[in-house]
Amino acid sequence: MNQSQTVLLIDDEEIIRISFSGFLTHGGYAVLEARDGEEGWCLFRQHVDQIDLIITDCNLPGMGGEELCAQARILNPSVKAILVTGDEREKDALEDAQAILKKPVPMAILLQTVRTVLDMK
């Protein structure tokens, strides 16, 4: 189990937040949820020392996922990030994330990617 690992999940689509959160919780992770970039940034600052991984949609109202990840890495350089997008993007353009997932994301791929990213040194 991964009880000591905490994931900050940020997505403005409630159905995605609910499904991702359920699978992550079932996988043994502690999950903090946010509806937009500002709420996610606030949660990150409150729990900066506990959050191991950020999973965020790229296109959020207000502060976008890429900006949030860049800011988060300033406060905690060891935090890992997975960006989720409905758009086609170049992986090498995403400097502040370890992985990018294209929507719709199969849950097995989500959990496998989370484990892989968290296991990175």
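In this predicted model, the side chain of K103 makes a polar contact with the side chain of E13, at 3.1 Å. Two further polar contacts involve the side chain of K103: one with the side chain of D11, at 3.5 Å, and one with the side chain of D57, at 3.3 Å. K103 itself is found in the loop between β5 and α4. Is this lysine buried or exposed? Its relative accessibility is 18%, and a residue is called buried when the value is under 20%, so K103 counts as buried. Leaving aside neighbours within four places in sequence, K103 is in contact with D11, E13, I16, D57, V84, T85 and G86.

The peptide bond that follows K103 also deserves a look. Most peptide bonds are trans. The bond that joins K103 and P104, however, is cis, with omega at about -5 degrees. P104 lies in the loop between β5, which covers residues 99-102, and α4, which covers residues 107-119.

D57, one of the partners of K103, can be described in a similar way. It lies in strand β3, which is made of residues 51-57. With a relative accessible area of 4%, D57 is buried. Which residues does D57 touch, not counting those up to four places away in sequence? They are I10, D11, D12, G65, V84, T85 and K103. D11, V84 and T85 thus appear here as neighbours of D57, and they are found again among the contacts of K103.

With these residues in mind, it helps to step back to the whole chain. How many helices and strands does the protein have? Its secondary structure comes to four helices and five strands. Read along the sequence, these elements follow the pattern β-α-β-α-β-α-β-β-α. In this pattern, β5 and α4 are the elements on either side of the loop that holds P104.

The overall dimensions come next. For 121 residues, a compact globule would have a radius of gyration near 14 Å, and the protein has 13 Å, so the two values agree. Taken along the principal axes, the box filled by the C-alpha atoms is roughly 30 × 30 × 30 Å. Of the 121 residues, 47% count as buried, and K103 and D57 are among the residues described as buried. The area that the protein exposes is about 6300 Å², of which carbon and sulfur atoms supply 52%.

The charged side chains can be surveyed too. The protein has 11 positive and 20 negative side chains. How far apart do the centres of the two sets lie? They are 5 Å apart.

Contacts across the sequence add another view of the fold. Among contacts between residues at least 6 apart in sequence, 61% join residues at least 24 apart. Some individual pairs show how positions separated along the chain are placed in space. G27 and L111 are 84 residues apart in sequence, yet their C-alpha atoms are 7.5 Å apart. G27 is found in the loop between α1 and β2, the latter covering residues 30-34. Its relative accessible area of 23% makes G27 partly exposed.

W41 offers another such pair. This tryptophan has its place in helix α2, residues 37-46, and at 15% relative accessibility W41 counts as buried. From W41 to M63 there are 22 residues in sequence and 8.5 Å in space, C-alpha to C-alpha. M63 is also one of the residues in contact with W41 once neighbours within four places in sequence are left aside; the others are L68, Q71, A72 and L75.

Two glutamates complete the picture, and both can be compared with the buried residues above. E14 has its place in helix α1, residues 14-26, and is exposed, with a relative accessible area of 52%. The C-alpha atoms of E14 and A34 are separated by 9.7 Å, with these positions 20 residues apart along the chain counted as their spacing. E95 lies in the loop between β4, residues 80-85, and β5. With a relative accessible area of 69%, E95 is exposed. The C-alpha atoms of E95 and E66, 29 residues apart along the chain, are separated by 8.6 Å.

Methods. Residues are numbered from 1 along each chain as its sequence is written. This is a predicted model: local features need pLDDT of at least 70, side-chain atom pairs count only at pLDDT 80 or more; totals for chains, interfaces and linings use all residues. Side-chain values use heavy atoms; hydrogens and water are left out. Helices (H or I, at least four residues) and strands (E, at least two) are DSSP runs, numbered from the N terminus. The radius of gyration is taken over C-alpha atoms; the globule rule is 2.2 Å times the number of residues to the power 0.38. Buried means under 20% relative accessible area, exposed over 50%, partly exposed in between (1.4 Å probe, protein chains only). Contact means heavy atoms within 4.5 Å. Accessible areas come from the Shrake-Rupley method with a 1.4 Å probe; for residues, only the protein chains shown count as cover. Lys and Arg count as positive and Asp and Glu as negative; His and the chain ends are not counted. The place of a charge is taken as NZ of Lys, CZ of Arg, CG of Asp or CD of Glu. A polar contact is a pair of N or O atoms within 3.5 Å; within protein, one must be able to donate a hydrogen and the other to accept it, and residues adjacent in sequence count only if both atoms are side-chain atoms.
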